[in-house]
Each structure stands twice: as C-alpha cells, then as structure tokens.
Amino acid sequence: MKQSVKLVAGNWKMNGLGASLGEAEALAKALQEQAAACRVALCPPATLIDRMARVLADTPVELGGQDCHAEASGAFTGSVSAAMVADAGADLVILGHSERRAGFGETDADVAAKVEAALAAGLEPIICIGETLAEREAGQAIAVVSRQVAGSLPPSLSGKAFAVAYEPVWAIGTGLTPTLEQIEEVHAAVRAAMVAKLGEGGRVAPILYGGSVKPSNAAEILAVADVGGALVGGASLKAEDFLGIIRAV
Ligand SMILES: O=C[C@H](O)COP(=O)(O)O
C-alpha cells in the first residue's frame, strides 16, 4: 500500500484563549529548529483561527477548524461556513467528531454534507468515526466504524486530500486506549470500508488514531500498521506535550 505522510493534528476543542497563542508559537519555533517527520496541524476554536494564522505564517504548522456548517451561507445563527473557516486561515477542518455527533445530533449524512462543503471551500477534511463503549462491549466496533465510513464519506472525496480519524469514544479524554491489536484490527476494517466506498481513492488517505494519545504511548500507537498519524486532544494544548507526540513519529 502506498503510504501517505503521517499527520499529527491537535484538537484544542473549546479550550484556549489568546494567551494560548504562545503555545502555538513555541511549537512552531521548535519545529523550525528541528523539522518534524510528519505534517503537524493545530485546530483551535474558530475565534482563534485568524490570530493563529498570523502566528503560524511561514512556519511548518498547518491550521484547521473544528467544524463547519454544510450550507454556504444563510440564517444559521451561531454557525460558521466552510468558506469562513478557510477565509480565517485554515487549511483543514475536523468534521463529525464524536462530541458533535453525541452533543449536537450529527448523523453520518450531516457529516457527509459538511465534507462536501469543506471540499468546495478548498479545505482538507479530517473525518472522525468511532464506537462507544457499549458498542464495543456488544462486539459492534467494526460494524459501527464501517457504517460510519460508508455514510460519512461522500464519493466526491475520491482523489481529494483528506484523512479519517478513528477515535473510540470511550478512549477520548479518559486515559484509556485500545490494545495495539484492537487499533490494528479497526484500522484494517476502516481501510477496507474506505476502499469499498471510494475505490482506489480510498487507499491513500491517512487513518489517524485518536483517544488519550500522549508522549508516553505515541511511539507504539504510531507504529501500528496503517496508523497514519494521530488526532490529539488534551496533550495538544501544551507545546511540550504535543512535541513529545510529534517526535515519536
Ligand atoms: O479530537 C481529539 C480526541 O477527541 C482525543 O482527545 P484526547 O486526546 O484528549 O483523548
């Protein structure tokens, strides 16, 4: 299989005010002094994208949003469009995170529509999938992620730059992680579902792992077959911790 460059993306979620720009600056400075062996991205809250774009201009750190609306414009109070995320300075956008699926009722079809909007705006989507603890305990993990891939990835992704992030819901922010064997098994199933949906276009995009990735476990997780990077929450908020993960690639 052709390997794409690994991507390590930090999802700040609803954390970080202007003061946190110092962490982005420190990260960029470190990566300018010693280049990373992977792509690196930070995805701050929408209000920080513009300011962070200035801080990260001419550095190796890419910038992403955490969500966008599926429509291009209109009466959607509180939402931002994909074009707005791009206009603020982002190159990527996280879509379908489990916190949006669970907290805002986003379905696979909603996510697929957002992916279309992101592509139209020139953004590279990072499409999140993952099973709940109840689904894993019921032996449904593979079926759930396969269904999410089939429903959340529109055919138009074929030939476009994108990533899928496998994030078991029970591993997010808990300190728990699947075994390396479980990660390998799910990533293989996700890859098969991507190829079933997109044909050859599903073979190259990286499949990131997310859920309690930290400097101490990053190397072993990133070495698992077809783990194409990491989507990092808590440990991306401090440059030093995030660098520990990036250096493990
Ligand atoms: O998007 C990131 C994930 O939800 C992982 O979060 P975490 O690294 O804090 O477990």
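1. Leu95 of β4 stands opposite Ile127 in β5. The two strands, β4 at residues 92-95 and β5, pair in the parallel sense over four bridges. This is a predicted model, and every point below should be read with that in mind.

2. Strand β5 spans residues 124-129, and six of its six residues are buried. Glu124, Ile126 and Cys128 point one way from the strand, while Pro125, Ile127 and Ile129 point the other way. In a regular strand the side chains alternate between the two faces of the sheet. Ile127, the residue opposite Leu95, therefore belongs to the set with Pro125 and Ile129, and Cys128 to the set with Glu124 and Ile126.

3. On its other pairing, β5 is joined to strand β6 (residues 163-166) by four bridges, and the two strands run parallel. Cys128 has Ala165 as its bridge partner in β6. Ile129 stands opposite Tyr166 of β6.

4. Strand β4 is covered on both faces. Leu92 and Ile94 lie on one side, Val93 and Leu95 on the other, and all four are buried. Besides β5, strand β4 pairs with β3 (residues 61-65), in the parallel sense and over two bridges. The bridge partner of Gly65 in β4 is Val93.

5. How are the strands ordered in the sheet as a whole? Eight strands close into a barrel in the order β1-β2-β3-β4-β5-β6-β7-β8, with parallel pairing. Neighbouring strands of this sheet are turned by 25° against each other on average, direction ignored. Strands of a sheet pair through backbone hydrogen bonds, either parallel or antiparallel.

6. The UniProt record, an unreviewed entry, carries the annotation "active site" at His97 and Glu167. These positions are spread over 71 residues of sequence, yet they cluster in space, the largest C-alpha distance being 8.4 Å. His97 is placed in the loop between β4 and α4 (98-104), and Glu167 in the loop between β6 and α8 (180-198).

7. Are the annotated residues His97 and Glu167 buried or exposed? His97 has 28 other C-beta atoms within 10 Å, so it counts as buried. Glu167 is buried because 26 other C-beta atoms lie within 10 Å of its own. The cut-off for a buried residue is 20 or more.

8. Which residues does Glu167 touch, leaving aside its neighbours within four places in sequence? Glu167 is in contact with Ser98, Cys128, Gly130, Ile172, Gly210, Gly211 and Leu231. One of these contacts, Cys128, is the β5 residue whose bridge partner in β6 is Ala165.

9. The unreviewed UniProt entry also places a "binding site" feature at Asn11, Trp12, Lys13, Gly173, Ser212, Gly233 and Gly234. Although these residues are spread over 224 residues of sequence, they cluster in space, with a largest C-alpha distance of 14.0 Å.

10. Among the "binding site" residues, Asn11 is placed in strand β1 (residues 7-11). Asn11 counts as buried because it has 26 C-beta neighbours inside 10 Å. Leaving aside neighbours within four places in sequence, Asn11 is in contact with Cys43, Gln66, Ile94, Leu231, Val232, Gly233 and Ser236. Of these, Gly233 is itself listed in the "binding site" feature, and Ile94 is one of the buried residues of β4. Leu231 is a contact of Asn11 and also a contact of Glu167.

11. Gly234, also among the "binding site" residues, lies in the loop between β8 (229-232) and α10. Why is Gly234 classed as partly exposed? Gly234 has 18 C-beta neighbours inside 10 Å, and a residue is partly exposed when its count falls between the limits of 12 or fewer for exposed and 20 or more for buried.

12. Helix α10 (residues 239-246) packs against helix α1 (residues 21-33) at an angle of about 35°, with the axes 9 Å apart. The crossing of α1 and α10 is right-handed. From α1 the contact is made by Glu23, Ala26, Leu27 and Ala30, and from α10 by Ala239, Phe242 and Leu243. These residues divide into six nonpolar, no polar and one charged.

13. Helix α1 also has a place relative to the sheet. It lies across β2 (39-43) and β3, running at about 145° to β3. Strand β3 is the one that contributes Gly65 to the pairing with β4.

Terms used:
Residues are numbered from 1 along each chain as its sequence is written. This is a predicted model: local features need pLDDT of at least 70, side-chain atom pairs count only at pLDDT 80 or more; totals for chains, interfaces and linings use all residues. Axes are lines fitted to C-alpha atoms, for helices over the stretch in contact, and angles run from 0 to 180 degrees between N-to-C directions. A crossing is left-handed if the near helix is turned anticlockwise from the far one by less than a right angle, and right-handed if clockwise. Two residues are in contact if their C-beta atoms, placed from the backbone, lie within 7 Å. Ala, Val, Leu, Ile, Met, Phe, Trp, Tyr, Cys and Pro count as nonpolar, Asp, Glu, Lys and Arg as charged, and the others, Gly among them, as polar. Two strands pair if DSSP finds at least two bridges between them. UniProt positions are given in the numbering used here, feature names are shortened, and annotations may be inferred rather than shown by experiment.
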